[in-house]
Every structure is written in structure tokens, then in C-alpha cells.
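Hi everyone, thanks for making time. I'd like to walk you through a few spots in this one, so let's get it up on the screen.

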Amino acid sequence: MLVRAAAAAAAAATTSSPGLLRRLWRGGGSGAAACFPLGRALLDVRGAEAGVFLQGLLTNDVTRLAAGEAGGAGLPRALYAHALNVQGRCLYDLILYRLHESPEEEPHILLECDSGVLDAIQKHLKLYKIRRKVNIAPCLDLSLWAIVPGERAGDIASSLAKCADQALVLTPDPRTEVMGWRLIAKKGANLSEIIPGSHIGNIEDYHRHRYKQGIPEGVKDLPPGVALPLESNLAYMNGISFTKGCYIGQELTARTYHMGVIRKRLLPVHFSTPVPKDSIPEGAEILTESGKLAGKFRAGGGELGIALLRLANINEPLCLNIAGDKVKLTASIPEWWPKTASK
């Protein structure tokens, strides 16, 4: 089934600020857009109770997604959310895609997840499925792409709208506009036909862009059972609802939010000298000049990475030890963050 609303989603993207994304994106290439093949997995969740089922497991308000077009104007085609454990720590970061077109149709949702935990997510969902009318199965015949405008992007949304009938899902990334669009198509689809003038980008450029913007994705950036949703900027990335009602892990998350005290956050970091990929142990301590613990490294390589840092220390000179050598680094506040955010 081709998603008829893909063109509308692309057209709606023109109401955002594509200039910000083009200014922040420095991936190279002269095509209209860079298409990055993502190694993340897709899980098919469908059935009469699919929306209600996911609503009790995820941080965001899935009813907004499950309602379909007839439920009201401006409803999303995609939604970002986390699944938490009972202690309120992140298990899996997910993007949900709506395939059904109206509330009268049977709810049909795709879950995008880290491919390394696909089996674990299926077990997690089936644990809580009980007798609900929900079918859960991996989508092995689909491919997932990130679409990021290049330096000479032109009217990307117009191009996307013209060829949207060849895509299963084509929608702005729900986390933030600086991440461009998400595309789901059949495996083997011709990307040059779906996105005219585009080119296949190096996936490392995609990850560098993510790190530069401080966007976590997958289990390395968000260690299961370790990461906390608000420290991971879930609220900034439109991934949580504080009005939806109960879900697993809600209590600690809601209490932290309403107390308004978040002392650490995931932030992009820039190394003074390039470091080999995977040369820094996960969770390596980041220190201030005086030797005080400022945070922990999560992932990255080259000159860019992402780290969980104490906000009180982000303007100080920082460093970490790599194989006995001290490497300096600096942290920065992403430009896409809310300017007046207090929580």
C-alpha cells in the first residue's frame, strides 16, 4: 500500500525552516539531496488495538498518530518516542510511522529501531501484548533512508511531492528539522527516481551530522537501561507527552520534568584533534582542567562526538584520556534547541 499522504507531508515541510537545515548541513555533494541508507530495522505493528497497545508502552502520545487524517488537521505521519523500563530509563529509541489513512481503517504502524536490538524489542512488545488484537512482525522487504538537503538543495519539498507516489513513507523527521526527511521504500527501489537529482551519501557523513547537532540514535548513544529520557533531550526532540496518561517508566520522568531540575544533558562535543572511530571506550570519563568529573563520553569519531555532560561544566575546558594521552574537547549548545527552554 502506497501512502497517499507522502506528498502532503513533503509539501508541509515547506512551512518549516529549510534554510536552517541547509545552513547547518555541510555534508558535501552537489545534488538536490543526499540519501543515506540507514541500517536501522523496521517492525510492523498492526491490528485493531495497535494504537492502544503502543500508547501504554511509549513516551509519546500515540493516539495522535493512530487517529489518521480524519482525526483533525495537521496530525503527524511520524512520531518520535522511547520505550522505558520500569525505573524510567531508556530501553529503545523509536520512530513510528502511520500507514493507515483514517480512523476507520485498522491501525497500521511501522516502528523504526536499532537493528541490533530488533529481537529484544519484539520480545518486549510481545511480553505486554497478552491477548490484545495486535500482530507484530519485522519488515524485511523495506529499506529506510535519511534524506538531507545538500548545499544546492533548491525546492526539495516540491521535488519530493512530485515523486511521493513511489515511496511507502516520505515525511519530515519528527525529531527536529535539522535531520531532514525519512523515506521508507521497497528494497531495491531506484532512489534517483524517488528523489530526482539526489545522490547516495556516505553514512559516516550522516553520523557526523547527527553528532554535530547532538542527535542521539541507537544503543551506543542511548545505552539501554542507562540513559534517562530528559537528559537525552527527549522533550527537545518532540519525543514525549506530559499529558497523555500512564505508560511504563512515566513516574520518574514526570517527576523530574515537573521539578524542573535537569543537571546533565547529551551534548555535541568537538575534539581538538581527530580521534580514530571506536578508540574511546563507551562511558569514558570527561574531566575538567582541575580533574573534576564533568560527564561521560557516549559515541563518535574523528573530530565529533556526543557526550552526557553536567551543564555547569560545559563552558569549561574539558578533556579525556585516550590510551594514556590527554585529548582536549569542547561542548556546544545545538542551534536547534528551544531558545527559551527552561526544562
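Okay, let's start with Glu112, which is buried, with a relative accessible area of 0%. Just so you know, what you're looking at is a predicted model. So what does Glu112 pair up with? Its side chain meets that of Arg182 in a salt bridge, 2.8 Å from N to O. And this pair ties together distant parts of the chain: Glu112 sits in strand E5, residues 108-113, while Arg182 is in strand E9, residues 181-186, and the two are 70 residues apart. Arg182 is buried as well, at 0% relative accessibility.

Now zoom out a bit. Glu112 and Arg182 belong to a network of salt bridges, together with Arg40, Asp93, Asp173, Arg175 and Glu217. Over the whole structure, we have 14 salt bridges.

Next stop, helix H8, which covers residues 203-213. Right at its start, Asn202 reaches over with a side-chain oxygen, to within 2.9 Å of the backbone nitrogen of Glu204. Which residues of H8 are buried? Those are Tyr206, His209, Arg210, Tyr211 and Gln213. And after the helix comes Gly214, with a positive phi, near 70°.

H8 has some salt bridges to show you too. Take Arg208 and Asp205: their side chains meet at 2.3 Å, N to O. They're three residues apart in the helix, so about one helical turn separates them. Arg208 is partly exposed, at 40% relative accessibility.

Then look at Arg210, whose side chain forms a salt bridge with Asp221, at 2.8 Å from N to O. This one links distant parts of the chain, since Arg210 is in H8 and Asp221 is in the loop between H8 and helix H9, residues 250-259, with their positions 11 residues apart in numbering terms. Both partners, Arg210 and Asp221, are buried.

Last thing: cysteines. How many disulfides are there? The count is zero. Take Cys113 as an example: the closest cysteine sulfur is in Cys139, and at 10.0 Å from the sulfur of Cys113 that's too far for a bond, because a disulfide needs the two sulfurs within 2.5 Å. Is Cys113 buried or exposed? Buried, with a relative accessible area of 0%. Cys246, on the other hand, counts as exposed, at 69% relative accessibility.

That's my tour. Happy to go back to any of these spots.

Note on methods
Residues numbered from 1 in each chain as written. Predicted model: local features only at pLDDT ≥ 70, side-chain atom pairs only at ≥ 80, totals over all residues. Heavy atoms only, no water. Buried < 20%, exposed > 50% of the residue type's maximum accessible area, 1.4 Å probe, protein only. Helix = DSSP H or I, 4+ residues; strand = E, 2+ residues; numbered from the N terminus. Polar contact = N/O pair within 3.5 Å; in protein donor to acceptor, adjacent residues only side chain to side chain. Salt bridge = Lys/Arg side-chain N within 4 Å of Asp/Glu carboxyl O.
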